[in-house]
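Trainee: I should like to go through the assignments in this model and ask what each of them rests on.
Mentor: Please do; the criteria will be stated as they are needed.

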Amino acid sequence: MNRFIFHCDLDCFFAAVEIKDNPQYKGKPVIIGADPKEGTGRGVVSTCNYEARKFGLHSAMPISQAYRRCPHGIYLRPDGKKYYKISKEVMDILETYSNDFQRVGVDEAYLELTEIVKNYEEAEEIAKKIQKEIQDKISITISIGIAPTKSLAKIASDENKPNGITVVKPEKIHNFLKDMDITRIPGIGKKSKVYYYKKGIRKIGDIINTPLLKMIELFGKHGKWIWNVANGLDNRKVKEFHEERKSISAERTFFTDTDNFNEILSKFEDINKKIHKSIIKHQIAYKTITLKIRFEGFQTYTRSKTLPFHIQNEKYVLNIILQLFREFSNNKKKIRLVGIKLSNLERTPKARQTSLIYYAST
Ligand code: TTP
Ligand code: MG
């Protein structure tokens with residue numbers, strides 16, 4: 001089945017926000033980063049707009065070097081809070097285009113529209129709508145790559161920046177990739193490139209023309225992965241939270257150590273509510289529930305229960321926590337901190353809203 005995956009990446013993000021807030025900077029080179037101190041400053045460029053890139057400036061370049069190349073540029077310090085707020089506004093818009101949404105960084109996200117559009121033409125129309133909505137509401141531009149896999153969509157969004165849309169149909173993958181330098185594949189940086197270059201692999205076409213077994217023999221697991229990427233074989237799903245995320249947890253320290261059960265119960269309820277807000281928002285289910293408890297004197301214990309399958313049920317978690325807590329009820333010491341952790345996560349819109357009755361016997 002054909003998949004329609006979008007990778008959306010804002011253009012020169014930090015700089016774009018500053019230009020939107022200060023229209024007088026438009027058309028001038030704008031550099032966000034450390035203070036250049038007229039060429040003697042330390043630190044690096046965070047990002048710069050496309051006008052500044054014409055002078056060879058780029059992210060991570062020493063700010064002193066940037067200043068030498070472009071002394072007439074507008075140099076600004078980054079304002080993380082402001083960028084985070086705008087990032088959230090953009091993500092809130094993107095999220096409305098599909099349930100399969102995954103934010104991957106401050107300015108990039110994947111969307112899967114496989115069940116929403118019928119062909120790449122329709123997909124492109126939606127990409128135009130996304131660009132327009134972000135331009136109209138937030139006044140910044142975004143580039144979008146559309147392809148049958150996540151890795152190809154990411155390569156595509158970078159192809160036609162700024163404000164570009166690049167569509168890679170399955171039958172065009174080979175043509176699209178063959179002349180690109182291998183560093184266009186996410187995960188091949190300046191260091192690993194040297195390794196591939198030495199063996200004569202410079203263009204993505206060289207990967208496509210090398211048999212898979214040869215790639216594995218030469219480069220091991222990583223060789224296999226990039227061979228798959230280059231051949232359009234990457235079946236990773238678009239998830240709502242980072243694949244690396246292993247657990248969701250929260251803990252609270254009491255203002256003064258306590259052995260008052262009602263106080264302890266109310267803390268568990270608070271923590272549980274907080275965690276479930278995020279659990280529900282991101283449609284995550286969990287299998288393992290862990291209680292953490294710290295007594296005065298800092299002895300800390302954890303106790304877990306793993307269920308037979310994934311659930312999403314706030315009341316049930318509280319019951320398990322109280323069950324696990326019973327073991328400590330005779331402890332004479334006062335409690336300093338309590339926490340709850342949910343792990344063994346799975347992203348699922350169908351997270352089972354199980355009833356307590358079902359679990360009454362477990
Ligand atoms: P990127 O998406 O890599 O860069 P960009 O949005 O500025 O430019 P492009 O149009 O090529 O996408 O990173 C997003 C933001 O992250 C960027 O605006 C600033 C920040 N950043 C750094 O602070 N340091 C870095 O080295 C990089 C790469 C990014
Ligand atoms: Mg970007």
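Mentor: Let us begin with metal donors, which are N, O and S atoms within 2.8 Å of the metal (3.2 Å for Na, K and Ca); water is not among the atoms, so sites may look incomplete. This is a predicted model, in which local features need pLDDT of at least 70, side-chain atom pairs count only at pLDDT 80 or more, and totals for chains, interfaces and linings use all residues. Residues are numbered from 1 along each chain as its sequence is written, chains are lettered from A and ligands numbered from 1 in the order in which they are written, and side-chain values use heavy atoms, with hydrogens and water left out.

Trainee: Which protein atoms are donors of the magnesium ion (ligand 2)?
Mentor: They are Asp9 (OD), Leu10 (O) and Asp107 (OD), at 2.0 to 2.2 Å from the ion, and the limit for this metal is 2.8 Å. Along the chain the donors have the spacing D-L-x96-D.

Trainee: What makes the arrangement around the magnesium ion (ligand 2) octahedral?
Mentor: Six donors count as octahedral if opposite donors are over 155 degrees apart and all others between 65 and 115; four count as square planar on that same rule, four are tetrahedral if all angles lie between 85 and 135 degrees, and anything else is irregular. Here the six donor atoms subtend angles of 80 to 177°, and therefore the arrangement is octahedral.

Trainee: Why is Leu10 called buried?
Mentor: Buried means under 20% relative accessible area, exposed over 50%, and partly exposed in between (1.4 Å probe, protein chains only). Leu10 has 2% and is therefore buried; Asp9, at 13%, also counts as buried.

Trainee: What stands opposite Leu10 in β7?
Mentor: Ile142 does. Strands (E, at least two residues) and helices (H or I, at least four) are DSSP runs, numbered from the N terminus.

Trainee: How do you know that strand β1 (residues 5-10) pairs with strand β7 (residues 142-147)?
Mentor: Two strands pair if DSSP finds at least two bridges between them. Six bridges join β1 to β7, and the two run antiparallel. Both belong to an open sheet of five strands with mixed pairing, in the order β5-β6-β1-β7-β8. Its edge strands are β5 (101-103) and β8 (165-167), each of which pairs on one side only.

Trainee: Why is the contact of Asp179 with Lys178 called a salt bridge?
Mentor: The term requires a side-chain nitrogen of Lys or Arg within 4 Å of a carboxyl oxygen of Asp or Glu. For this pair the N to O distance is 3.6 Å, so the criterion is met. Asp179, at 55%, is exposed, whereas Lys178, at 30%, is partly exposed. The structure holds 20 salt bridges.

Trainee: How far apart are the closest N and O atoms of Glu217 and Lys214?
Mentor: They are 3.8 Å apart, and the pair forms a salt bridge. Both residues lie in helix α10 (residues 212-230), three residues apart, about one turn of the helix. Glu217 is exposed at 61%, while Lys214 is partly exposed at 36%.

Trainee: What do the side chains of Lys292 and Glu251 form?
Mentor: They meet in a salt bridge at 3.0 Å, N to O. Lys292 lies in strand β10 (residues 284-295) and Glu251 in strand β9 (residues 247-258), so the pair ties together parts 41 residues apart in sequence. Lys292 is partly exposed at 22%, as is Glu251 at 40%.
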